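Visitor: I have a structure to go through before the afternoon. Could you take me around it, one topic at a time?

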Amino acid sequence: MAVIGLLIAGGSGTRMHQDIPKQFLTVNERPVIVYTLEAFQNHPEIDEIAVVCIEGWESVLWAYANQFEVTKLKYVVPGGKNGQDSIRNGVFELEKHHLPDDIVLIHDAIRPLVSAEIISDCIRVTRLHGNATTVIPCAEAMIQTEDGVKSTGSYPRDHLKRTQTPQGFSLGKICDLHRKAIKAGITNSVASCTLMIEMGEQVYFSAGSEKNIKLTTVEDLDIFKALLVAKRSDWLK
């Protein structure tokens, strides 16, 4: 049973307000996407890597893979008009080369600090249940709003999880799910786990981390840079 990392790098990163896509921004002399590629390259259970890439950056991606010796990269697939489109492009391409029982871990290319432990647990839960969504607890108080200006109620945080990636699936299952979603008219689900739920499926949890941040804003880049140099104090348990 092969395990494939599918990195989604199809977005233009408009919220970052930079001239190049955020997944190709350089931090400490390394493009963001290279950190993410290396996390999957260095994981012993990952057999291959595929990337859904924003149009026009495919040759840059291959050049970076060669330069940084990301030998597991096998497929570069064009992005779609939204996230669901891009993921569908990726899994449909993998379906041409792999068995239905093979596992695909779908991961945001702009989560460069994904750890080996997070990848391992996602694989473990996917093998156990057929799918896995990386989550962390919700630590903040959650309040409801209708207008974005004021709150009219709260929601118990113990009933909530904050989702991250990777999100793992058997390849045949996720491909079938995308085919059914097209027939059902679901075209812009925000994530694979939400697509599963919208299609009436259960999702199972694997362990994430607060450090597994998604680089969406310039402030996120600042946090990423700080985490790259941070070392946990020896006295912390």
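Visitor: Where is L128 found?

Guide: This is a predicted model. In it, L128 is found in helix α4.

Visitor: Is L128 buried or exposed?

Guide: L128 counts as exposed, because its relative accessibility is 58%, and the cut-off for exposed is over 50%.

Visitor: How far is L128 from T217?

Guide: Their C-alpha atoms are separated by 35 Å. Along the chain, the two residues are 89 residues apart.

Visitor: Let us turn to the interior. How many residues does the largest nonpolar core have?

Guide: The largest nonpolar core has 30 residues. Those with the most contacts inside it are I33, F40, I49, V51 and L105.

Visitor: Which elements give two or more residues to this core?

Guide: There are strands and helices among them: β1 (3-9), β4 (48-53) and β6 (103-108) on the strand side, and α1 (32-41), α2 (58-67) and α4 (116-129) on the helix side.

Visitor: What lies apart from it?

Guide: Another core, of 21 residues, lies apart from the largest one. I4, I87, V91 and F169 are among its residues.

Visitor: Back to I33, please. Which helix holds I33, and is I33 buried or exposed?

Guide: I33 is found in helix α1. I33 counts as buried because its relative accessibility is 0%, where buried means under 20%.

Visitor: What does I33 touch, leaving aside its neighbours within four places in sequence?

Guide: I33 is in contact with A9, Q23, F24, V51, L61 and A109. V51 also appears with I33 among the residues that have the most contacts inside the largest core.

Visitor: And how far apart are I33 and R111?

Guide: I33 and R111 are 8.5 Å apart in space, C-alpha to C-alpha, and 78 residues apart in sequence.

Visitor: A histidine next. Where is the place of H43?

Guide: H43 sits in the loop between α1 and β4, two of the elements that give two or more residues to the largest core.

Visitor: Why is H43 classed as it is, buried or exposed?

Guide: H43 is classed as buried because its relative accessible area is 3%, and the cut-off for buried is under 20%.

Visitor: What polar contact does the side chain of H43 make?

Guide: The side chain of H43 makes a polar contact with the side chain of S120, at 2.7 Å.

Visitor: With which residues is H43 in contact, leaving aside its neighbours within four places in sequence?

Guide: S120 is again one of them, together with K72, A116, I119 and I123.

Visitor: On to empty space. How many cavities of 30 Å³ or more does the count give?

Guide: The count comes to 1 cavity of 30 Å³ or more. About 30 Å³ of space lies in the largest cavity.

Visitor: Which residues line the largest cavity?

Guide: The lining consists of G83, Q84, I87, H178, S189, V190, A191, S192 and L195. I87 is also among the residues of the core of 21 residues.

Visitor: Which elements supply at least two residues of that lining?

Guide: Two helices do, α3 (83-95) and α6 (192-198). The largest share, 3 residues, comes from α3.

Visitor: And how do the lining residues divide by character?

Guide: They divide into 4 nonpolar and 5 polar residues, with no charged ones.

Visitor: Now the backbone. Which residues does the cis peptide bond near omega 15° join?

Guide: That bond runs from T165 to P166. P166 is found in strand β10 (residues 161-170).

Visitor: What about E29: what is its phi, and where is it found?

Guide: Phi of E29 is near 65°, a positive value in a residue other than glycine. E29 is found in the loop between β2 (26-27) and β3 (30-31). E29 is exposed, with a relative accessible area of 73%.

Visitor: And what is the phi of E69?

Guide: E69 has a positive phi of about 60° although E69 is not a glycine. The place of E69 is in the loop between α2 and β5 (73-78), and E69 counts as exposed at 61% relative accessibility.

Visitor: One last residue. Where is G56, and how far is G56 from P78?

Guide: G56 is in the loop between β4 and α2 and is exposed, with a relative accessible area of 54%. G56 and P78 are 9.2 Å apart in space, C-alpha to C-alpha, and 22 residues apart in sequence.

Key. Residues are numbered from 1 along each chain as its sequence is written. This is a predicted model: local features need pLDDT of at least 70, side-chain atom pairs count only at pLDDT 80 or more; totals for chains, interfaces and linings use all residues. Side-chain values use heavy atoms; hydrogens and water are left out. A nonpolar core is a set of buried Ala, Val, Leu, Ile, Met, Phe, Trp, Tyr and Cys residues joined through side-chain atoms within 4.5 Å. Buried means under 20% relative accessible area, exposed over 50%, partly exposed in between (1.4 Å probe, protein chains only). Helices (H or I, at least four residues) and strands (E, at least two) are DSSP runs, numbered from the N terminus. A polar contact is a pair of N or O atoms within 3.5 Å; within protein, one must be able to donate a hydrogen and the other to accept it, and residues adjacent in sequence count only if both atoms are side-chain atoms. Contact means heavy atoms within 4.5 Å. On a 1 Å grid over the protein atoms alone, a cavity is a set of points where a 1.4 Å probe fits but cannot get out, and a pocket is an open set with protein on both sides within 12 Å along at least five of seven lines; lining residues have an atom within 4 Å of a point. Grid points are joined across faces, edges and corners, and a volume is the space filled by probe spheres set on the points. Ala, Val, Leu, Ile, Met, Phe, Trp, Tyr, Cys and Pro count as nonpolar, Asp, Glu, Lys and Arg as charged, and the others, Gly among them, as polar.
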